[in-house]
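Let's take a walk through this structure together, one neighbourhood at a time. Have the sequence and the 3D view at hand as you read.

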Amino acid sequence: MSLGELSLGAVSGLLRRGEVSPVAVVEDALERITGLEPLVGAFVTVMGEQALAAARVAESEFSRGEYRGPLHGVPVSLKDLIFVRGVRNTAGSQAMADFVPEFDAAVVERLRAAGAIIVGKAQTYEFAMGPGTAYPFGRTRNPWDLERVTVGSSSGSAAGVSARMVFASLGTDTGGSIRGPASGCGVVGFKPSAGRVSRFGVFPLSWTLDHVGPLTRDVADAALTTRAVEGFDTRDSGSVEMPPVDTDAVVGGRVRGLRFGIPSGFFLDDADPEFVTAFEDAVRVFEEAGMVRGSVTLPMIEQAQTAHSVLVLAESYSVHEELFRARSAQFGPGARRRVALASTVPASAYLRASRVRKVFQDEFRKAIDGRDVLLTLTSPEPPQRFGEQPAHQFGARHMARAGNRLTRMANLLGAPAVSIPCGFTSSGLPIGLQIVGRPGDDTTVLTVAHAYQQRTSWHTQAPPTAATAAVG
C-alpha cells in the first residue's frame, strides 16, 4: 500500500515511529497532486516549496525527539477562504485574485503549532456562494465521476481528500459546504459546534452561520484534526469556551444505549430511492450496535429553511458591498446576481429571519429531548453533472427546497454535524449519512459516526481517479 492510500492516523504513526520521513510523505503528496491535478482541479495554489521547507523542519524536529502531535509532518490543504500569510487568497473570484494576506488565520496558526504541512489552497465556488457561480481558476471535478460536481463550495477540499492528494483539509460550512462535498466525494466532513473553531482570518459569507471544520478519510482523522485547530479565540466574536473533543472517547466507539432520532417527513421527501435504501440500511447498523431508535418531529422546518436563506443573503451583502462597488466587473455572473438579490433584502425580513432562528433553536431543544443524536441523509440525490440546471436559483423561496436543505438545520442551530459515507448508487456514486447532535456535544456525534465506521467499510473505498496518479 502506498503512502497516499493511508489514513492520517496511519501515516502519523509511521512518522512518529521513524518508519518514514516528513520529507518523503510531502514529496509523495506533491507527486500525487502533480499527477491528479490536471484531472481533478482541486487546487488554486500549490505551495510546493513552502511545504518541502516545512517538511525539512519537521524532519529535524523528529530527529531531536520533538513531537508536536498526530498532525506533525502530515500534508493538509486549506479552502481558499482561509488566510495564509504571504499566499494569495482568491476566494474563488477574480475580484480577489491579487489579494495576499499579511497574517495567518487562527486555524493556520494552530495547524503550524501542531506541525501540519500545508501543501496548498483548495478550490471553492466563487465567494463560497454555491452552484451557478463562476470557475475563474478552473472547476473542481468529482473524483468518483469527473463529469460531476462535488456538491458544495468546499469543493477542492473534498476532492483533494477523496483523490488521496492530502490526508485532511479544512473547509467552511454555512449551509452544508463541508458536509455536502463530503457526501458527494465519499469522505468524512465534520461541521463542529458554533464557536468551537475560530473563524478569525477566514473570508466570511455569513457571520451568523459560518463554521470551519475538517474533511478527512475517516472519523478518527476528523477528530484528530478538530482537536488540533479548536480552542477559544478572542479575535472571533462568536468563539465559545467549551471542553475539547475527546479523541479517546471517539475511537472507543461506545454507543450501546445511546438514543437516536429520525426526523419525520421533510428529510426523506423527494429523496432518490437508492439514497433512501442506503439510509435505512445505515439505521439497522446503529440498531445492531445497541442504539435505541425513536422518531422526532421538528416543527418549523420549512420556515427555518427560508430563514436560513434570508440570513445568508442579507449578511453576504454586508460582506461584499464595498468590494462589489469597487470591482463588480470582476465578479462572475452568478455572484453578481447573488449580490444584486442580496441588496434587496429589507431589514424587516432579516430581523424576522433572526427571530425564526431563535424560535427554531428553542423548538429543537424540546424536540431532541431524550435523544443523543439525529440521523438524516446528507444530500437527497447524487451530484449533478456539469451543465445540468441547479435544483434552485438564488431566491429565498427556491432555496428553501435546495439540495442542501438537509444540512442547513445544523448551521441554524450551531449544532455539530458530520457526514460519513454510507453506501453507493448502482452507478458507483457515494451516498452520505448525516449525524447531528446537541450544540457543544461534538464528541458524541463523532463517537456515533466512528462506531458506524467500525462496522462498515464504505469509507475505505477510493475513487477510480485516485489510482491514475503517476506515482513513483
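Which are the buried residues of H7? Before answering, please keep in mind that you are looking at a predicted model. The buried residues of H7 are Val219, Ala220, Asp221, Ala222, Ala223, Thr225, Thr226, Ala228 and Val229. The helix itself spans residues 219–229, and with 9 of its 11 residues buried, H7 is mostly covered.

Both ends of this helix are worth a visit. At the start of H7, look for Asp218: one of its side-chain oxygens comes to within 3.3 Å of the backbone nitrogen of Ala220. Then follow the chain to the other end, where Gly231, just after H7, has a positive phi of about 135 degrees.

Next, let's move on to a pair of helices. H10 covers residues 301–327 and H11 covers residues 333–342; their axes come within 8 Å and cross at roughly 115 degrees. Because angles from 65 to 115 degrees count as roughly perpendicular, H10 is described as roughly perpendicular to H11. The crossing of H10 past H11 is left-handed. On the H10 side, the contact is made by Val312, Leu313, Ser316, Tyr317, His320 and Phe324, while H11 brings Arg336, Arg338, Val339, Leu341 and Ala342. Sorted by character, the residues of this contact comprise 7 nonpolar, 2 polar and 2 charged.

From here, turn to a single residue, Asp362, which you will find in helix H12, residues 347–367. Is Asp362 buried or partly exposed? Asp362 has a relative accessible area of 25%, so it counts as partly exposed. Its C-alpha atom is separated by 9.2 Å from that of Leu413, although the two residues are 51 residues apart along the chain.

Our last stop is Thr465, in the segment after helix H15 (442–454). The relative accessibility of Thr465 is 7%, and therefore this residue counts as buried. What does Thr465 touch, not counting residues up to four places away in sequence? The answer is Leu36, Leu39, Val40, Pro143 and Leu146. One of these neighbours, Pro143, also takes part in a polar approach: its backbone oxygen lies 2.5 Å from a polar atom of the Thr465 side chain. So if you centre your view on Thr465, you can see a buried residue with Pro143 among the residues it touches.

Notes
Residues are numbered from 1 along each chain as its sequence is written. This is a predicted model: local features need pLDDT of at least 70, side-chain atom pairs count only at pLDDT 80 or more; totals for chains, interfaces and linings use all residues. Side-chain values use heavy atoms; hydrogens and water are left out. Axes are lines fitted to C-alpha atoms, for helices over the stretch in contact, and angles run from 0 to 180 degrees between N-to-C directions. Helices (H or I, at least four residues) and strands (E, at least two) are DSSP runs, numbered from the N terminus. Angles under 35 degrees count as roughly parallel, over 145 as roughly antiparallel, 65 to 115 as roughly perpendicular and the rest as oblique. A crossing is left-handed if the near helix is turned anticlockwise from the far one by less than a right angle, and right-handed if clockwise. Contact means heavy atoms within 4.5 Å. Ala, Val, Leu, Ile, Met, Phe, Trp, Tyr, Cys and Pro count as nonpolar, Asp, Glu, Lys and Arg as charged, and the others, Gly among them, as polar. Buried means under 20% relative accessible area, exposed over 50%, partly exposed in between (1.4 Å probe, protein chains only). A polar contact is a pair of N or O atoms within 3.5 Å; within protein, one must be able to donate a hydrogen and the other to accept it, and residues adjacent in sequence count only if both atoms are side-chain atoms.
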